[in-house]
Amino acid sequence: MRKAAPYLFLGQTTSLCETCLELVPAKVIGEDDAVYYLKRCREHGVQKTLIADDIAYWKSQRDWLKPGDRPLSVATRTDHGCPYDCGLCPDHEQHSCLAILEINEACNLSCPVCFADSSVKREAHRPLAEVEAMLDVIVAAEGEPDLVQLSGGEPTLHPQFWEILDAAKGRPIRHLMINTNGLRIAREAGFAERLAGYMPGFEVYLQFDSLKREALMNLRGADLTRVRIEALEALERNDISTTLVVTLKKGVNDDEIADIVRFALDWRCVRGVTFQPIQDAGRNDGFDAKRHRMVLTEVRRRIAEAGVFALEDLIPLPCNPDQICIGYGLRNGRQVQPVTAMLPRELFVAAAPNTVTFESYPELRKQVFELLSLSTAQGNTSEKLASLLCCLPEAAVPQEVAYENTFRVVVSQFLDRFNFDLGTVKRSCVHFVQPDGTIIPFDTFNTFYRPGAAGADALKRGQVR
């Protein structure tokens, strides 16, 4: 009698060998309540990697997938196949929901977990003309980019930082964001006041990994507890829209997820929290995949422990459901009413479990997908949220929904050598804009294309085959 298979076969995909970073075939399998990739590399053998620890949620991600919105133009050809033609190539299925411009390498910290490998030893800043050309690249690709983020290094250190902000605000960009560690905001008199002049359509993406010294020392190499509070106080005084962004490292700060969600609601200026499980890229000191990796489904459960959003309120983002989970709510002080709780129950429950059905709600479907996009998730939600609520006459909502009436949590899980998936990377909507006119997905840039990336040799091999 044949012995039953020890696992549930869920499908096949193409991933990366965790040693040589070559593309390899992988089975997707289920064991108990978890999902794994079972990879096979000819040189390095079989590797088993955890992808999700909630098989029901993993299956539901397929139900939320919507067709991609392609960019207006592409910059490279498809010659070697994904991921060897980034630029974006014609094979890419999603436009830039979030376009990142790294304007410098210089930084005032040397974080042990910096994917860009920036540090106090680096001094390079891109010339203003080069940054302006990069802004023009994303405008040409998108028409009116939904969300552009200035990053680095530490972007506020750029000697022409204010001129760069002016250049970005002078272009048809709907929402502008700066990704900052907050040191200048906290320490420099008048800095936050000057930032406030770029409102509305402007947001601070504030690094905020922990409320504890020990975790900050592990992740950032410095005790920034007081600096973070001083930065938030300055942002609060000036009513500057702020997102707290948390890099998660298992065993270091994952026990604070619920506490940080609750903490965020103490601040009127905070519009939400974004959690990013650590991506094995760049400088990642002391990283041990068996101890420090954390999957999206686990973060989702920890968020629900805060008591602000229930598990069912934390749903896949349709433009990239494998990588991003989101919860939206209407905010009144510290109280949050999840938006998903207002939607008709039958919208989420069809004949088969974990299936979303929109057949009876075509207009609602349109508005839900409009709201649930990454550009909205990280930017001004008020217009799209108001449009959605107009489809729900029984919902008790404010007469006018403003951005300060909203609160969101986002889990954004990036791909690396462990969880890389070819189909998912083609749907990536978080992209780096390059000075040569190319636009490269976050995941492939940090894995293959960034100078010094672990997959640089594998990239060269793939491009000469």
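Let me begin with the aromatic cluster, where ring pairs link Phe115, Phe414, Phe432, Phe442 and Phe445. Please keep in mind throughout that what we are looking at is a predicted model. The count of aromatic pairs comes to 15, and I would like to go through two of them with some care. In general, a pair of aromatic rings is described by the distance of the centres and the angle of the planes. Phe414 and Phe442 form a stacked pair, with 3.9 Å from centre to centre and 15° between the planes. Phe414 lies in the loop between β14 (406–412) and α15 (422–426), while Phe442 belongs to helix α16 (residues 442–449), so this pair ties together parts of the chain that are 28 residues apart in sequence. Are these two rings buried or exposed? Both Phe414 and Phe442 are buried.

Phe442 also has a stacked partner in Phe432, and here the centres are 5.0 Å apart, with 20° between the planes. This pair links strand β15, which holds Phe432, with helix α16, which holds Phe442, and the two residues are 10 apart in the chain. Phe432, like Phe442, is buried.

From the rings I move on to the cavities. There are 5 cavities of 30 Å³ or more, and the largest has a volume of about 610 Å³. Which residues lie nearest the centre of that largest cavity? They are Phe115, Asn179, Arg220, Thr247 and Gln276, out of 36 residues that line it. If you follow the lining along the chain, the elements that give two or more residues to it are β5, β6 (147–151), β7 (175–180), β8 (202–207), β9, β10 and β15 (430–433). As for the character of this lining, it divides into 19 nonpolar, 14 polar and 3 charged residues. You may recall Phe115 from the opening, since it is one of the members of the ring cluster.

Now let me turn to charges. Side chains of opposite charge can pair when their charged atoms come close. In this model the count comes to 34 salt bridges, and I have picked a few that join different kinds of places.

The pair Glu230 and Arg226 has its closest N and O atoms 3.4 Å apart. Being 4 residues apart in helix α7, these two are separated by about one helical turn. Glu230 is partly exposed, because its relative accessible area is 29%, and Arg226 counts as partly exposed as well, at 46%.

Other bridges reach between loops. Asp239 and Arg268 meet in a salt bridge of 3.9 Å, N to O, which links distant parts of the chain, with Asp239 in the loop between α7 and β9, Arg268 in the loop between α8 (257–264) and β10 (270–277), and their positions 29 residues apart. Arg268 is partly exposed, at 45% relative accessibility. For Asp266 and Arg334 the N to O distance is 2.8 Å. Asp266 sits in the loop between α8 and β10, and Arg334 in the loop between β12 (324–332) and β13 (335–338), so this bridge ties together parts that are 68 residues apart in sequence. Salt bridges that share partners also join Glu105, Asp117, Arg122 and Arg283 into one network.

A charge may sit over a ring too, and there are two cases to show you. Lys48 lies over the face of Tyr36, at 4.6 Å from the ring centre, and the charged end of Arg62 sits over the ring of Trp58, 4.2 Å from its centre.

I will finish with the backbone. Most residues other than glycine have a negative phi, and most peptide bonds are trans. Where, then, do we find a cis peptide bond? One joins Cys82 and Pro83, with omega about 10°, and another joins Gly87 and Leu88, with omega about -10°. Pro83 is placed in the loop between α1 (55–64) and β5 (98–102), and Leu88 is found in the loop between α1 and β5.

As for phi, Asp117 has a positive value of about 60° although it is not a glycine. Asp117 lies in the loop between β5 and α2 (128–142), and is partly exposed at 29% relative accessibility. Asp239, which we met in a salt bridge with Arg268, has a positive phi of about 50°. Its place is the loop between α7 (225–237) and β9 (242–248), and at 37% relative accessibility Asp239 counts as partly exposed.

Definitions and conventions
Residues numbered from 1 in each chain as written. Predicted model: local features only at pLDDT ≥ 70, side-chain atom pairs only at ≥ 80, totals over all residues. Heavy atoms only, no water. Buried < 20%, exposed > 50% of the residue type's maximum accessible area, 1.4 Å probe, protein only. Salt bridge = Lys/Arg side-chain N within 4 Å of Asp/Glu carboxyl O. 1 Å grid on protein atoms, 1.4 Å probe; cavity = no way out; pocket = protein on both sides within 12 Å on 5 of 7 lines; lining within 4 Å. Points joined across faces, edges and corners; volume = space filled by probe spheres on them. Nonpolar A, V, L, I, M, F, W, Y, C, P; charged D, E, K, R; others polar. Phe/Tyr/Trp six-rings, centres within 6.5 Å; stacked < 30°, edge-to-face > 60°. Lys NZ or Arg CZ within 6 Å of the ring centre and 35° of its normal.
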